[in-house]
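Good morning, and thank you for making time for this presentation. Please keep the sequence and the structure in view while I speak.

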Amino acid sequence: MASASGTGEITIKFDRNGNPQSAIFTIEHQVGSNWIAVTSGTKTRYKLTGFATGVPAFFRVKATRGNSTSVPSNTVSVWAGEGESFNLNVA
């Protein structure tokens with residue numbers, strides 16, 4: 001799930017979906033036609049800052065276990081839709 005405050009802060013949270021505690025999750029943000037990694041780690045909740053209030057922002061997540069990385073999750077948006085959540089495939 002991606003949600004936003006009125007201050008440009010975005011909270012990203014998702015389920016592990018079967019991935020172990022050691023899995024590395026990478027959050028990507030779409031900039032134009034490119035996907036840019038904005039953070040990664042083992043947590044399933046992240047706060048991102050510096051986003052323009054009211055401007056749609058698109059995110060997806062990948063899970064990495066060892067040398068295997070999942071396909072990206074579905075894309076979710078902030079300020080462009082309501083009730084969207086990540087569907088993360090197990091790596």
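In this predicted model, Lys47 and Glu9 form a salt bridge, with their closest N and O atoms 3.8 Å apart. Lys47 belongs to strand S5, whereas Glu9 sits in the loop between S1 and S2, so this pair ties together parts that are 38 residues apart in sequence. Lys47 counts as exposed, at 52% relative accessibility, while Glu9 counts as partly exposed, at 26%.

The structure holds three salt bridges, and I turn now to the others. Glu28 pairs with Arg60, and here the closest N and O atoms are 2.5 Å apart. This pair links distant parts of the chain, with Glu28 in strand S3 and Arg60 in strand S6, 32 residues apart. Glu28 also meets the side chain of Lys62 in a salt bridge, at 3.4 Å from N to O. Because Lys62 lies in strand S6 and Glu28 in strand S3, that pair ties together parts that are 34 residues apart in sequence. Through shared partners, Glu28, Arg60 and Lys62 are joined into one network.

Are the residues of the Glu28 and Arg60 pair buried or exposed? Glu28 counts as buried, at 8% relative accessibility, and Arg60 is buried as well, with a relative accessible area of 16%.

Let me return to strand S5. Its side chains alternate: Arg45 and Lys47 point to one face and are not buried, while Tyr46 and Leu48 point to the other and are buried. That is in keeping with a general pattern: in a regular strand, side chains alternate between the two faces of the sheet. S5 pairs with S2 in the antiparallel sense, over four bridges, and within this pairing Ile12 stands opposite Tyr46.

This brings us to the interior. The largest nonpolar core has 15 residues, and those with the most contacts inside it are Ile10, Ile12, Phe14, Ile27 and Phe59. Two or more residues come from each of S2, S3, S5, S6 and S8; S6 gives the most, with four. Ile10 deserves a closer look: leaving aside its neighbours within four places in sequence, its contacts include Tyr46, Leu48, Phe51, Phe59 and Trp79. Lys47 is also among the contacts of Ile10.

Which aromatic rings come together? The structure holds two aromatic pairs. In one of them, the ring centres of Phe14 and Phe25 are 5.0 Å apart and the planes are at 70°, so the arrangement is edge-to-face. Phe14 lies in the loop between S2 and S3, and Phe25 in S3, so the pair ties together parts that are 11 residues apart in sequence. Phe14 is buried, with a relative accessible area of 8%, and Phe25 is buried with 0%.

Phe51 and Phe59 also form an edge-to-face pair, with 5.5 Å from centre to centre and 70° between the planes. Phe51 counts as buried at 17% relative accessibility, and Phe59 at 0%.

I close with the confidence of the prediction. The mean pLDDT of the protein is 83, and 84% of its residues reach 70 or more. Among the elements, strand S4, residues 34-41, has the highest mean, 96, and strand S1, residues 2-4, the lowest, 70. As a general caution, where pLDDT is low, the predicted coordinates should not be read in detail.

Note on methods. Residues numbered from 1 in each chain as written. Predicted model: local features only at pLDDT ≥ 70, side-chain atom pairs only at ≥ 80, totals over all residues. Heavy atoms only, no water. Phe/Tyr/Trp six-rings, centres within 6.5 Å; stacked < 30°, edge-to-face > 60°. Buried < 20%, exposed > 50% of the residue type's maximum accessible area, 1.4 Å probe, protein only. Core = buried A, V, L, I, M, F, W, Y, C linked by side-chain atoms within 4.5 Å. Contact = heavy atoms within 4.5 Å. Pairing = 2+ DSSP bridges. pLDDT = per-residue confidence, 0-100. Salt bridge = Lys/Arg side-chain N within 4 Å of Asp/Glu carboxyl O.
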